[in-house]
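User: Please take a close look at one part of this model and then work outwards from it. I would like the local geometry, the burial and the contacts in one connected account.

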Amino acid sequence: SIKLLLCTVYFYAGLAKLNSDWLFHAMPLKIWLPARYDTPFLGDLLQQEWVHYVFSWSGALYDLSIPFLLLNKRTRIFGFVLVVIFHVLTKVLFPIGVFPYVMIFSTFIFFDAGVHHKILSFISKIFRIDKKHIDVISQNRVYPYSSKIPLIFVMIFLGIQLIFPWRYLAYPDELFWTEEGYRFSWRVMLMEKAGYTQFKVRDGKTGKQFYVDNTDFLTPFQEKQMSTQPDFILQYAHYLGEHFKEQGHKNVEVYVDSYVALNGRLSELYIDPKIDLMKVNDSFAHKNWILEFKDQINGL
């Protein structure tokens, strides 16, 4: 089950890279890699356009092939070496937290118990742990298994993991633009979005209005994340509406002027500025208050 989960992460990430922006325009790597000019030994190389395409194509090929390399005993060591190289590079080049470490160490699940025992023996010597005593205890334990309920539960869980990432197909518009179904689909670092949002609070009866200074409510990081993600924009709009209601304002309506640039394209109007977001409830339904994407990205 754990092997299947890891293979799902890699293979779905590889399928997600089979799109025109990633393969034919090297986006968003063409934006990100040149910014790493100060990386030791690689800084100058990362300025070359051909390198951006090499990273794009090799990244897609890596994600699609690594599950099969790890599952095959003959290619497992080679696959593990690729895993280490790939994730060390991503850790050096991109700020993605502990994810590279998690993926490197979890890869050991593909090796047999003999390898695990060798690693544990090495660790036990360093910390002076009696591994033999622990092995004897674990071998003497009996785990009764007579019910099919755990098996059914695991099968349902794995089925959800395999099906849920495809829910974006239920929505009509461009996934990278609306992000409807984007989360939990293993689309790792596939787009660069920059946004500008200006919120307007209006009295629905008198027509009096004023603009909100986002820095009064959000940190720079929060504002950056909010300005390109529609559900964040909606949540923040409701927060502002409730805040100003508590301040004594009447008939509160909240509108937004929002512009977003996707993968190096020119900035476009993102949210319908005529929609009162206080009347919009967040749900899994299609967000028709997001304006249409004026370009096309081909792919899965």
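Analyst: Met 189 has a relative accessibility of 26%, so this residue counts as partly exposed. The cut-offs behind that label are under 20% for buried and over 50% for exposed. The model is a predicted one. Met 189 belongs to the loop that joins helix 10 to strand 1. The phi angle of Met 189 is positive, near 55 degrees, although the residue is not a glycine.

The loop between helix 10 and strand 1 also holds Phe 184. Phe 184 is another non-glycine residue with positive phi, here near 65 degrees. With a relative accessible area of 64%, Phe 184 is exposed.

From this loop the account moves to Ile 31. Ile 31 and Met 191 are 160 residues apart along the chain, yet their C-alpha atoms are separated by 9.9 Å. Ile 31 sits in helix 3 and is partly exposed, at 34% relative accessibility. Apart from neighbours up to four places away in sequence, Ile 31 touches Glu 192, Asn 263 and Gly 264.

Two further features flank helix 3. Ahead of it, in the loop that comes from helix 2 (20-24), is Pro 28. The peptide bond leading from Met 27 into Pro 28 is cis, and its omega is near 10 degrees. On the other side, the loop from helix 3 (29-32) to helix 4 (49-71) contains Thr 39. Thr 39 is buried, since its relative accessibility is 7%. A polar atom of the Thr 39 side chain lies 3.0 Å from the backbone oxygen of Arg 36. Beyond four places in sequence, the contacts of Thr 39 are Leu 46, Val 92 and Leu 93.

Val 92 and Leu 93 lead to helix 5, which spans residues 76-93. The axis of helix 5 crosses that of helix 6 (residues 99-106) at roughly 170 degrees, and the two axes come within 9 Å. Helix 5 is therefore roughly antiparallel to helix 6. From helix 5, the contact uses Phe 80, Val 83, Val 84, His 87, Val 88, Thr 90 and Lys 91, and from helix 6 it uses Phe 99, Pro 100, Tyr 101, Met 103 and Ile 104. Sorted by class, these are nine nonpolar, two polar and one charged residues.

Helix 5 and helix 6 also appear, together with helix 4 and helix 9 (149-163), in the packing against the buried residues of helix 1. Those buried residues are Leu 6, Cys 7, Thr 8, Val 9, Tyr 10, Tyr 12, Ala 13, Gly 14, Leu 15 and Ala 16. Helix 1 covers residues 2-16, and its end C-alpha atoms are 21 Å apart, in agreement with the 21 Å that 15 residues should span.

The pairing of helix 1 with helix 9 can be described further. Their axes come within 10 Å and cross at roughly 5 degrees, which means that helix 1 is roughly parallel to helix 9. Leu 4, Leu 5, Thr 8 and Tyr 12 of helix 1 meet Phe 157, Leu 158, Gln 161 and Leu 162 of helix 9. This contact has six nonpolar and two polar residues, with no charged ones.

Asn 298 lies in the segment after strand 4 (268-269). The C-alpha atoms of Asn 298 and Leu 18 are 8.5 Å apart in space, with the two positions 280 residues apart in sequence numbering. Beyond four places in sequence, Asn 298 contacts Leu 18, Asn 19 and Ser 20. Its side chain has a polar contact of 3.0 Å with the side chain of Gln 296. At a relative accessible area of 44%, Asn 298 is partly exposed.

The elements on either side of the starting loop return at helix 12. Helix 10 (175-178) and strand 1 (193-203) are among the elements covering the buried residues of helix 12, as are strand 2 (209-211), helix 11 (220-226) and strand 3 (252-262). The buried residues in question are Pro 230, Asp 231, Ile 233, Leu 234, Tyr 236, Ala 237, Leu 240, Gly 241 and Phe 244. Helix 12, residues 230-246, reaches 25 Å between its end C-alpha atoms, close to the 24 Å expected for 17 residues. After helix 12 comes Gly 248, with a positive phi near 105 degrees.

Methods:
Residues are numbered from 1 along each chain as its sequence is written. This is a predicted model: local features need pLDDT of at least 70, side-chain atom pairs count only at pLDDT 80 or more; totals for chains, interfaces and linings use all residues. Side-chain values use heavy atoms; hydrogens and water are left out. Helices (H or I, at least four residues) and strands (E, at least two) are DSSP runs, numbered from the N terminus. Buried means under 20% relative accessible area, exposed over 50%, partly exposed in between (1.4 Å probe, protein chains only). A polar contact is a pair of N or O atoms within 3.5 Å; within protein, one must be able to donate a hydrogen and the other to accept it, and residues adjacent in sequence count only if both atoms are side-chain atoms. Contact means heavy atoms within 4.5 Å. Axes are lines fitted to C-alpha atoms, for helices over the stretch in contact, and angles run from 0 to 180 degrees between N-to-C directions. Angles under 35 degrees count as roughly parallel, over 145 as roughly antiparallel, 65 to 115 as roughly perpendicular and the rest as oblique. Ala, Val, Leu, Ile, Met, Phe, Trp, Tyr, Cys and Pro count as nonpolar, Asp, Glu, Lys and Arg as charged, and the others, Gly among them, as polar. The expected span of a helix is 1.5 Å times one less than its number of residues.
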